[in-house]
Amino acid sequence: MKTWMWIPFSLVALLMAANIWVLMRANQHNQPHLPPPKIMVVEMLDFDAQQAKDFRNNAEEHHHAMLQFDQKQRAWTQVYFETQGLEKQDALDSIQACMLQKLEKTEAHFQFLEALCRPGQKAKFPEVKEALMHRILQP
């Protein structure tokens, strides 16, 4: 094969690589780049260092509680699908109880967050809560 024939092959390979790079970059831009909720709350409410520390401690506690509730819920869901009769109903009741505990714990977390705010920050709280709910409920 002659040396000049490599030029078209090299050009095609280069164009294919460029197309792949452009497609990968386009997919990256379609995904929203949102800060983690802890950072978002601190920034949106303009917390001082002590408020941020107290919030992060409470958020850690909330996160660990959610992990425990999720673990219980998964275990009860497995029981639900593996059993019959009254055990199935008991499992369903336990799943519902876990979900209720998660909601109550999250509501308490929001109440703590609101109580942590100074008067000027409380005006921003509904907006922050709405943004957090968007993050929590997104697929």
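Buried means under 20% relative accessible area, exposed means over 50%, and partly exposed lies in between. The exercises below use these classes on a predicted model.

**Exercise 1. Classify Tyr80 and Phe81 by relative accessibility.**

Solution.
- Step 1: Take Tyr80. Its relative accessibility is 24%.
- Step 2: Compare with the cut-offs. Tyr80 counts as partly exposed, because 24% falls between 20% and 50%.
- Step 3: Take Phe81. Its relative accessibility is 64%.
- Step 4: Phe81 counts as exposed, because 64% is over 50%.

**Exercise 2. Find the aromatic pairs and give the geometry of each.**

Solution.
- Step 1: Count them. The structure holds two aromatic pairs.
- Step 2: One is formed by Phe47 and Phe55, with 6.2 Å centre to centre and 65° between the planes.
- Step 3: Name its geometry. The Phe47 and Phe55 pair is edge-to-face, because planes over 60 degrees apart count as such.
- Step 4: Check burial. Phe47 and Phe55 are both buried.
- Step 5: Tyr80 and Phe81 also form a pair, at 5.1 Å centre to centre and with 85° between the planes. This pair is edge-to-face too.
- Step 6: Recall the classes of its members. Tyr80 is partly exposed, and Phe81 is exposed.

**Exercise 3. Which residue lies over the face of Tyr80, and at what distance from the ring centre?**

Solution.
- Step 1: Look over the ring face. Lys88 lies there.
- Step 2: Read the distance. Lys88 is 4.4 Å from the ring centre of Tyr80.
- Step 3: Add the aromatic partner. The ring of Tyr80 also pairs with Phe81.

**Exercise 4. Describe the surroundings of Ala91.**

Solution.
- Step 1: Place the residue. Ala91 belongs to helix H4, which spans residues 85–116.
- Step 2: Classify it. Ala91 counts as buried, because its relative accessibility is 0%.
- Step 3: Set aside neighbours within four places in sequence. Ala91 then contacts Trp76, Val79 and Tyr80.
- Step 4: Turn to Tyr80. Its C-alpha atom is 5.2 Å from that of Ala91, with the two residues eleven apart along the chain.

**Exercise 5. Summarise the protein as a whole: helices, strands, burial, contacts and surface.**

Solution.
- Step 1: Count the elements. There are six helices and zero strands.
- Step 2: Write the pattern along the sequence: α-α-α-α-α-α.
- Step 3: Give the burial. Of the 139 residues, 23% are buried.
- Step 4: Take the contacts with a separation of 6 or more. Residues 24 or more positions apart account for 66% of them.
- Step 5: State the surface. The accessible surface is about 10,600 Å², and carbon and sulfur atoms hold 63% of that.

Notes:
Residues are numbered from 1 along each chain as its sequence is written. This is a predicted model: local features need pLDDT of at least 70, side-chain atom pairs count only at pLDDT 80 or more; totals for chains, interfaces and linings use all residues. Side-chain values use heavy atoms; hydrogens and water are left out. Helices (H or I, at least four residues) and strands (E, at least two) are DSSP runs, numbered from the N terminus. Buried means under 20% relative accessible area, exposed over 50%, partly exposed in between (1.4 Å probe, protein chains only). Contact means heavy atoms within 4.5 Å. Accessible areas come from the Shrake-Rupley method with a 1.4 Å probe; for residues, only the protein chains shown count as cover. Rings of Phe, Tyr and Trp (its six-membered ring) pair if their centres lie within 6.5 Å; planes under 30 degrees apart count as stacked, over 60 as edge-to-face and the rest as tilted. A charge sits over a ring if NZ of Lys or CZ of Arg is within 6 Å of the ring centre and within 35 degrees of the ring normal.
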